[in-house]
Amino acid sequence: MRYAQIRDMDITNGEGIGVALFVQGCHFRCRNCFNSSTWDFSGGQEFTDETKERLLSLLDKPYISRLSILGGEPLADENIKDVISIMREAKGVDIWLYTGYTYDKCLSDPQRKQAVQLATYVIDGQYVDELKDLTLKYRGSSNQTIRMTNETNRMTNETNRMTNETNRRTNETNGS
Ligand code: SF4
């Protein structure tokens with residue numbers, strides 16, 4: 001897989017403060033796409049094992065509550081294997097997955113189904129310029145939807161984050 005960018009303090013592509021991975025390559029080519037520089041599968045940089053380690057270490061901060069994966073198209077055949085592997089290894093954070101495939105279409109493909117089931121939120125559907133709506137949160141056009149696909153994981157992550165924060169403050173108070 002190749003990627004366009006990793007943002008270590010992202011405040012726009014999900015709730016709270018997160019890390020955002022923009023993968024490289026998209027077949028959809030929606031008119032007036034917000035990020036057409038990510039269309040070319042040979043652009044960007046190679047996503048190596050070291051890149052993955054760096055990405056996962058960025059998640060290991062008390063103020064980071066999510067990993068957002070967007071692009072480009074994370075669920076393109078060229079990207080999906082690495083994206084699933086990242087999702088499996090990203091512990092303790094919510095995962096916001098943006099895809100041009102509709103949710104129903106994802107369910108009809110074994111790998112894409114696996115990916116949406118690993119996500120906490122899925123924002124689905126291609127961007128349709130005629131349906132552009134600037135008032136929508138986390139979406140560009142009104143055909144796109146936000147689905148919470150994993151409420152249990154979300155609640156577990158939130159509880160763990162709160163416990164970690166409490167422990168951190170206790171340690172600070174105790175001077176350790
Ligand atoms: S699916 Fe997303 S990245 Fe791909 S062309 Fe459409 S808006 Fe751009």
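**Ligand shell, overall fold and helix α2**

In this predicted model, the ligand is surrounded by 13 residues, of which C26, C30, C33, G100 and Y127 come nearest. By residue type, the shell around the ligand is made up of five nonpolar, six polar and two charged residues.

Stepping back to the chain as a whole, its secondary structure amounts to five helices and seven strands. Followed along the sequence, these elements are arranged in the pattern β-β-β-α-β-α-β-α-α-β-β-α. The C-alpha trace extends about 55 × 35 × 30 Å along its principal axes. The radius of gyration of the chain is 17 Å, which agrees with the value near 16 Å that a compact globule of 176 residues would have. Buried residues make up 34% of the 176 in the chain. Sequence-distant pairs also feature in the contacts: among those between residues at least 6 apart in sequence, 66% join residues at least 24 apart.

Helix α2, spanning residues 80-89, offers a pleasing closer look at how one element sits in this fold. Its buried residues are I80, V83, I86 and M87. These residues lie on the same side of α2 because they cover an arc of only 120° around the axis. On the other side of the helix, K81, S85, R88 and E89 are exposed. The cover over the buried residues of α2 draws on both helices and strands, including α1 (49-59) and α4 (110-118) together with β2 (18-23), β4 (66-70) and β5 (94-99).

Key
Residues are numbered from 1 along each chain as its sequence is written. This is a predicted model: local features need pLDDT of at least 70, side-chain atom pairs count only at pLDDT 80 or more; totals for chains, interfaces and linings use all residues. A residue is buried if 20 or more other C-beta atoms lie within 10 Å of its own, exposed if 12 or fewer, and partly exposed in between; C-beta atoms are placed from the backbone. Helices (H or I, at least four residues) and strands (E, at least two) are DSSP runs, numbered from the N terminus. The arc is that of the directions from the helix axis to the C-beta atoms. Two residues are in contact if their C-beta atoms, placed from the backbone, lie within 7 Å. A residue is near a molecule or strand if its C-beta atom, placed from the backbone, lies within 6 Å of it. Ala, Val, Leu, Ile, Met, Phe, Trp, Tyr, Cys and Pro count as nonpolar, Asp, Glu, Lys and Arg as charged, and the others, Gly among them, as polar. The radius of gyration is taken over C-alpha atoms; the globule rule is 2.2 Å times the number of residues to the power 0.38.
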